[in-house]
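Trainee: Got a minute to go through this one with me? I'd like to start with the charged pairs.
Mentor: Sure, let's pull it up.

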Amino acid sequence: MVLYTSPFPNSFLSVLHSFSWGLIFPCYWLADRLVGSFVPTTYEKRQRADDPCYFHALCIIITTPIYLALLVASLPFALVGFLLWSPLQSARRPYIYSRLKDKSHANGATLLTEWKAAGSGKSFCFGSANVCLLPDSLARFNNVFNTQARAKEIGRRIRNGASRPQIKIYIDSPTNTSISAASFSSLVSPQAGDTRTVNAGIKRTTSMEYKGDNCGSNNGEESREDKGGSGEPHEGEENTCIVRINGEENGHMSDTETDTANGQARATGPAEPPLEGDAEISKTPNHKQKEGDSGSLDSCSASRESLVKVRVGDGTVDQSTVNNKLLYKASIMKKTSVRKKKHTDETFDHEISAFFPANLDFLCLQEVFDKRAAEKLKEQLHHYFEYIVYDVGVYSCHGCCSFKFVNSGLLFASRYPVMDAAYHCYPNGRGMDSLASKGALFLKVQVGSTPQDQRIVGYISCTHLQAIAGDTTVRCEQLDMLQDWLSEFRKSTSSSSTANPEELVAFDVLCGDLNFDNCSSEDKLEQQHSLFTHYKDPCRAGPGEDKPWAIGTLLDPEGLYDEEVCTPDNLQKVLESEEGRKGYLVYPTSKNHSSSQKGRKASLKGNGRRIDYMLYTEEGLYLEWKVEVEEFSFITQLAGLTDHLPVAMRLMVSTGEDDP
């Protein structure tokens, strides 16, 4: 299948489209500004409440007549442009495929060779987020604003979180889980080749033994022996630092030693040069980096807790021995003794994280509706992801029953090469949703090859369903179509037969904003849909019931700019508290409770409305391989930038000792 790298088949149509849009854009921009000036966000309302001179009201009185006059003047040009633009959409392709042009930063081909080295299997990390990048006037109805600046900041935060080193701390001692502050200082931001800071800091921490090839070159033989013996770290994990805590004596350092180690870590660690565009200060208040804001990794004060994951060794751990400073500074991967006691039947890690997972392989975004914002977002993501599919959807009356003013809002980014892509538009959208070409994007990626030169591939699907509450029938119909399109795409892109498999399927993942949760009584039809018999939801205990650790992904828009939740660290701390969640998450609708969320203390079902899903299936995969969830995360790194919580899932594809 040919991937479309431009929206039109020839340059003449592209130029004509650019000309027509150039005629439309002034009218579109003026209308957007005019409407937006009358829809303030809660942040702007608070600012204006402190303004005794009513400066903003004066600005509106002055600018409104100007905007109206210019809008009227631009209407004739917009009409001519629309008459040119609309018929051109019949020739428009359903997506644009972008590949990083700078070959020095491209690593997709290198990643394909890693599978051969990973004899026992390989893990893949998937992320999904609704980023609410609508035209600014429409975004304000969700209490977010400045779409262009938000798009750039969202892309910057995602790539900063995903490109950080993956650091793991294994606690072998059943009686000691204490980690000194120096341990974290020595692991602030080790990068590939940056070994002095890591090794020096760990040498001063007597209870820690450094292991891992990627953060140092001196322990290569020992690392290989430990990998073969312990079996804890999976082969093929890249950019991973592994620290083992043996629990000798108390594992504590004196305050003097701690301060010395902290100073040495700061002094010996070479500063990482900022990526392009990082120095630019955002113009909107919810994008400003505060001290301790882990949304940005450029500062030394960035949260260290999400740089670290802890795994507890054999035996139970007395939680009272855990270092208090560690608990304050570190929100560690929740495979600690506390989580294991609460959820002893869970087989994978789960957490609320202030960062996107390190080594994020695939990213699916929804509501990237604004074209200019999509371009800014793409530029930022290309610092980390080599392959991006964006501007997905159809416009005008082409391909759907009703007129479409905006695209589907779907965007896909990958570190691995995309082999095939297909898009389908839901024809049954209602109300405001019918104005957007909401649908499903299907992708086939190559993630490796076997020694027999068989391609190893994976399937990823991204979708966004009908949003209007009460349209359960519409969403069920869309889920039916989604399953049919999935089956169709698998058949049309498969080049294998059972007798002679040219391709081995490693995973099949479905993610997106499904606009229903698993706890609301109004969503029973969707909860019982047959999709969940084919695809597994790691957060779901059954129809109508989520697992105890799962939380909602829909934030209460009214509280987005509260000081308690306006930074990733703060939002993480609030969401880890059951009482905190009640104030800032939207909960399943109930006739027994009022719609107001703030300050509600009543007993509520579930932990919030979880409408953003990450599903996987074991059907249709290579029979000798096993797919398991390794970890699942709810992410707060986009705090203040969107009204949804991103989610991430890491899958481990186990192949056994030898490749097939």
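Trainee: OK, what does Arg99 meet in a salt bridge?
Mentor: The side chain of Glu386, at 3.3 Å from N to O. Keep in mind that this is a predicted model.

Trainee: Where do the two sit in the chain?
Mentor: In distant parts of it, 287 residues apart. Arg99 belongs to strand S1, while Glu386 is in the loop between helix H13 (371–381) and strand S9 (387–390).

Trainee: And Glu386, buried or exposed?
Mentor: Buried, because its relative accessibility is 1% and the cut-off is under 20%. Arg99 is partly exposed, with a relative accessible area of 42%.

Trainee: How many salt bridges are there in total?
Mentor: The count is 23. One of them joins Arg475 and Glu526, at 2.8 Å from N to O. Arg475 is in helix H14 (residues 472–493) and Glu526 in helix H15 (residues 524–527), so this pair ties together parts 51 residues apart in sequence. Both Arg475 and Glu526 are buried.

Trainee: Which residues are linked in a network of salt bridges?
Mentor: Glu44, Arg48, Asp136 and Arg140. Within that, Arg140 and Asp136 have their closest N and O atoms 3.1 Å apart, and both of these residues are buried.

Trainee: Switching to the sheet: what's the strand order?
Mentor: S1-S9-S10-S8-S2-S19-S18-S7, an open sheet of 8 strands with mixed pairing. S1 (96–99) and S7 (349–353) are the edge strands, each with a single partner, so one side of each has no neighbour in the sheet. From one strand to the next, the twist averages 15°.

Trainee: How do S8 and S10 run?
Mentor: Antiparallel, joined by 4 bridges. Leu363, for instance, has Ala413 in S10 as its bridge partner.

Trainee: What packs on the sheet?
Mentor: Helix H6 (residues 147–163), which touches S2 (121–133) and S8. The direction of H6 makes about 165° with that of S2.

Trainee: Now the hydrophobic side. Which residues touch the most other members of the largest nonpolar core?
Mentor: Phe126, Phe362, Phe412, Phe507, Phe632, Phe634 and Leu651, out of 91 residues. Strand S14 (residues 503–513) gives the largest share, 7 residues. A second, separate core has 28 residues, including Leu363 and Ala413.

Trainee: Last one: what does UniProt say about residues 12–31?
Mentor: The unreviewed entry annotates them as "transmembrane region", along with 52–85. In the model, residues 12–31 are 100% helix, with the end C-alpha atoms 29 Å apart.

How values were computed
Residues are numbered from 1 along each chain as its sequence is written. This is a predicted model: local features need pLDDT of at least 70, side-chain atom pairs count only at pLDDT 80 or more; totals for chains, interfaces and linings use all residues. Side-chain values use heavy atoms; hydrogens and water are left out. A nonpolar core is a set of buried Ala, Val, Leu, Ile, Met, Phe, Trp, Tyr and Cys residues joined through side-chain atoms within 4.5 Å. Buried means under 20% relative accessible area, exposed over 50%, partly exposed in between (1.4 Å probe, protein chains only). Two strands pair if DSSP finds at least two bridges between them. Axes are lines fitted to C-alpha atoms, for helices over the stretch in contact, and angles run from 0 to 180 degrees between N-to-C directions. Contact means heavy atoms within 4.5 Å. UniProt positions are given in the numbering used here, feature names are shortened, and annotations may be inferred rather than shown by experiment. A salt bridge is a side-chain nitrogen of Lys or Arg within 4 Å of a carboxyl oxygen of Asp or Glu.
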